[in-house]
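Dear colleague,

Please find the structure below, together with an account of one strand and one cavity in it. I would be glad if you read the notes with the model open beside you.

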Amino acid sequence: MSVLLNVQNVNKAYGGVVANKDVSLQVKRGEISGLIGPNGSGKTTLFGSIVGAHPIDGGRIQFDGEEISSLRVPQIARLGLSRTFQQTRIFGEMDCLQNMRIASPMQARHFGQWLSRVPASVDRRADELLDFVGLHSKRLLKAGSLSFGQQKLLEFAMALMNEPKLLLLDEPTAGINPTLINGVVDRLKRANEEMGITLLVIEHNMRVIMNLATHITCLAHGEVLASGTPDDVRDDKRVVDAYLGAA
Ligand SMILES: Nc1ncnc2c1ncn2[C@@H]1O[C@H](COP(=O)(O)OP(=O)(O)O)[C@@H](O)[C@H]1O
Ligand SMILES: [Mg+2]
């Protein structure tokens, strides 16, 4: 398997707080990779660095063979890299279909005109993806009226509108009703298997990430503590001491 995402020695500090220190990780094309670690260990910061949300202080990031370290969010998104947020970022006053339209890269380029002229192909894809996440019957309801878990599924569907090669998911099962967790895991697996999307998933639920990922990286205090197969990482004494033991 070839390397799709290559993060090399990335550093990022906020003022005096070192959020990522010399972080290196690789995600292979086609795999589901996990990112774990205690709160404040720098997981979300690393996502922000990868997608171009903030400049990094050092290191290199390559995506699909291209250097992306100095590119910004829209440019990186156009290369086929999308993310979802720990706290969702949807438009609560708009219905689900309108949220999907906004997430379309075609609309993003013409932001402001999207209401008057939505290409039929955009709505077709939006409907397919709403169906995929089980929200088709809610397509004309305000996104803000959905449960938190449904809002996360909507955001996942919105990210798929970009037809990403790589999707970064920040705690996709956190805060959602436990009965929805298996549904989310199933959709992530299907996005990987049926749509061919490579996934990098931040996840606190160990049962979920052990079940999903074929490779896991554990961060602690901004640094990579361990990386390897789920079994290797789970049994690593440093991971147990820094994270799992406390969990
Ligand atoms: N925008 C920010 N400004 C200042 N400090 C931040 C900011 N974002 C994160 N941090 C700090 O960086 C560290 C890593 O945070 P974060 O990446 O959110 O960790 P995680 O996602 O693993 O919980 C924490 O100490 C956090 O307080
Ligand atoms: Mg986080």
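Two strands are taken to pair if DSSP finds at least two bridges between them, and helices (H or I, at least four residues) and strands (E, at least two) are DSSP runs numbered from the N terminus. This is a predicted model, in which local features need pLDDT of at least 70 and side-chain atom pairs count only at pLDDT 80 or more, while totals for chains, interfaces and linings use all residues. Residues are numbered from 1 along each chain as its sequence is written, and side-chain values use heavy atoms, with hydrogens and water left out.

Five bridges join strand E7 (residues 166-170) to strand E8 (residues 198-202), and the two run parallel; one of the partnerships is that of Asp170 with Ile202 in E8. Strand E6 (residues 81-83) also runs parallel to E7, with three bridges joining them, and Leu81 has Leu166 as its bridge partner in E7. Five of the five residues of E7 are buried, that is, under 20% relative accessible area with a 1.4 Å probe and protein chains only. Leu166, Leu168 and Asp170 point one way from E7, whereas Leu167 and Leu169 point the other way.

The largest cavity (a set of points on a 1 Å grid over the protein atoms alone where a 1.4 Å probe fits but cannot get out, lining residues having an atom within 4 Å of a point) is lined by residues including Leu169, Asp170 and Val184. Helix H6 (148-160) gives the largest share of this lining, four residues.

With kind regards

Note on methods. Chains lettered and ligands numbered in written order. Buried < 20%, exposed > 50% of the residue type's maximum accessible area, 1.4 Å probe, protein only. 1 Å grid on protein atoms, 1.4 Å probe; cavity = no way out; pocket = protein on both sides within 12 Å on 5 of 7 lines; lining within 4 Å.
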